[in-house]
Amino acid sequence: MNKNLIVLLLFVATVGNAQYGYRDSNMIGITLGLNQFNLKTSDFETKPGDGWNIGLSMRGNAFNDWDAIYGLQFSEYNFKVVTLNQLMSERETNYKLSCANVTFQLSYKFIENHLSVEFGPMVQINGKLAIEETDEDYIVKGNPTVLAKDLTDISNVTIYPVVGLTAGVRNVRLNVTYQYGINNMFGKIDGDFKGNASVVNGNIIFYF
């Protein structure tokens, strides 16, 4: 995963440097925020969880009222799966996902430096899901042959369409986005499980 992150960093630095200097309104953005992650699946019972985002982006003029945004974001996502312990009592096992996201978005400016809407693709690179060692042998509710640890080896790449709204002043803006994973996160797991990621982000962006 470290090699993948280095590739993403080089990509963002390259395209950002190419875009920087195109027009005076090009800006570097530092993103801090929170997210709510949920897994859409009918194979077991899930509940959303809260996480965080931190990132770096480049916003620059594209044409007319449009900006182009290149970004790299690191996130921690959390969600819960209902499981059964050794006494067959229900509990919520928390799954944690650390990942890097690279994105390219177009931004339509309703009001220059104050209000815009964004859309575009995001590619997520990640490792396995992480759970507490004490939860590994819990049974996934509704699937008596599946243990909590059996769900951790997910796909390493997820592709998201992203839509969002950004509002504020030139140097500080609030950003809300929604992203939906179009590929099955459980494609690597035996059992024909299907699940798609759904993420709501609330970020603050500082532009320089």
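## Starting with one residue

Why does V157 count as partly exposed? In this predicted model, V157 has a relative accessibility of 39%, and partly exposed covers the range between under 20%, which is buried, and over 50%, which is exposed. So V157 counts as partly exposed. You can find V157 in strand β7.

## A nonpolar patch on the surface

V157 belongs to a nonpolar surface patch, together with F119, V123, I159, V163, V176, Y178, Y180, I182 and V200. Together these residues have about 810 Å² of accessible area. Three strands each give the patch at least two residues: β5 (115-126), β7 (157-168) and β8 (172-180).

## How these strands pair

Let's look at the strands themselves. β5 and β7 run antiparallel and are joined by 11 bridges; L115 stands opposite A167 of β7. On to the next pair: β7 and β8 are also antiparallel, with 7 bridges. T166 has N175 in β8 as its bridge partner, and a hairpin of 3 residues links β7 to β8.

## The core

β7 has a part in the interior too. The largest nonpolar core holds 25 residues, and those touching the most other members are F37, F44, Y95, L151, Y160 and F186. At least two residues of this core come from each of β1 (27-40), β3 (66-84), β4 (90-111), β7 and β9 (196-207).

Y160 is a good residue to inspect in the 3D view. Beyond its neighbours within four places in sequence, Y160 is in contact with residues including F37, Y77, M122, Y180 and V199. Of these, Y180 is also a member of the surface patch, while F37 is one of the core residues named above.

Technical notes. Residues are numbered from 1 along each chain as its sequence is written. This is a predicted model: local features need pLDDT of at least 70, side-chain atom pairs count only at pLDDT 80 or more; totals for chains, interfaces and linings use all residues. Side-chain values use heavy atoms; hydrogens and water are left out. Patches are made of residues with over 30% relative accessible area and no salt bridge: like charges are joined within 9 Å, nonpolar side chains (Val, Leu, Ile, Met, Phe, Trp, Tyr) within 5 Å. Accessible areas come from the Shrake-Rupley method with a 1.4 Å probe; for residues, only the protein chains shown count as cover. A salt bridge is a side-chain nitrogen of Lys or Arg within 4 Å of a carboxyl oxygen of Asp or Glu. Helices (H or I, at least four residues) and strands (E, at least two) are DSSP runs, numbered from the N terminus. Buried means under 20% relative accessible area, exposed over 50%, partly exposed in between (1.4 Å probe, protein chains only). Two strands pair if DSSP finds at least two bridges between them. A nonpolar core is a set of buried Ala, Val, Leu, Ile, Met, Phe, Trp, Tyr and Cys residues joined through side-chain atoms within 4.5 Å. Contact means heavy atoms within 4.5 Å.
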